[in-house]
Amino acid sequence: MTDDSRPLAVFDLDNTLADTAHRQRYLERTPRDWDAFFAAAPQDPPLAEGIELALRYAEECEVVYLTGRPERCRRDTVDWLAAQGLPEGRIWMRRNHDRRPARRTKLEILRQLARTREIRVLVDDDELVCEDAERAGFPVVRARWATASAELKVAQEREGRT
């Protein structure tokens with residue numbers, strides 16, 4: 001149940017709450033193996049810093065999740081969030097064939113959410129998403145606690161995959 005008077009804390013998943021390092025190998029081959037990359041997501045270890053931050057924000061905010069993962073990953077994502085003890089919340093996912101850059105899709109959703117709710121914070125690891133969100137006036141926490149992946153960055157920006 002949501003309380004529409006509470007501000008929103010918006011959290012990314014990959015490399016913010018979930019450690020994707022073990023599945024990066026699927027992006028390092030040519031062609032990239034997207035099916036295997038997303039199929040391995042349920043085995044992502046949690047990132048303690050991100051989990052702790054989400055739980056702390058949940059004390060005052062409604063937590064929602066904004067991910068570049070495709071819609072076909074919804075069941076695995078819901079199960080993973082529950083297994084980590086994270087708050088239930090709306091999950092905004094990419095349509096299965098949407099290949100726009102993450103910074104465009106995420107900013108579009110943030111603006112939509114901000115029409116009716118205060119956005120207390122966006123927590124994301126993607127620097128381009130963070131920069132665009134800050135330029136648009138949203139408060140941002142950069143998730144710098146996971147090992148950066150050049151392959152994932154290309155996937156987020158150029159291939160619109162996550």
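This report walks through a helix, two backbone oddities and some salt bridges in a predicted model.

Residues are numbered from 1 along each chain as its sequence is written, and side-chain values use heavy atoms, with hydrogens and water left out. Local features need pLDDT of at least 70 and side-chain atom pairs count only at pLDDT 80 or more, while totals for chains, interfaces and linings use all residues.

Let's start with helix α4, which covers residues 102-114 (helices are DSSP runs of H or I with at least four residues, strands are runs of E with at least two, and both are numbered from the N terminus). Its 13 residues reach 18 Å from first C-alpha to last, close to the 18 Å expected at 1.5 Å a residue (1.5 Å times one less than the number of residues). Among its buried residues are L107, L110 and L113 (buried means under 20% relative accessible area, exposed over 50%, partly exposed in between, with a 1.4 Å probe and protein chains only).

Next, the loop between β1 and α1. N15 sits there and has a positive phi of about 65 degrees, although it is not a glycine. N15 is also buried, at 3% relative accessible area. P31 lies in this loop too, and the peptide bond from T30 to P31 is cis, with omega near -5 degrees. Most peptide bonds are trans.

Finally, there are 16 salt bridges (a Lys or Arg side-chain nitrogen within 4 Å of an Asp or Glu carboxyl oxygen). Here are some of them:

| Pair | N to O distance | Burial |
|---|---|---|
| D14 and R23 | 2.9 Å | both buried |
| E62 and R117 | 2.7 Å | both buried |
| E118 and R120 | 3.2 Å | E118 partly exposed, 46%; R120 partly exposed, 30% |

Salt bridges that share partners also join D14, R23, D44 and R69 into one network.
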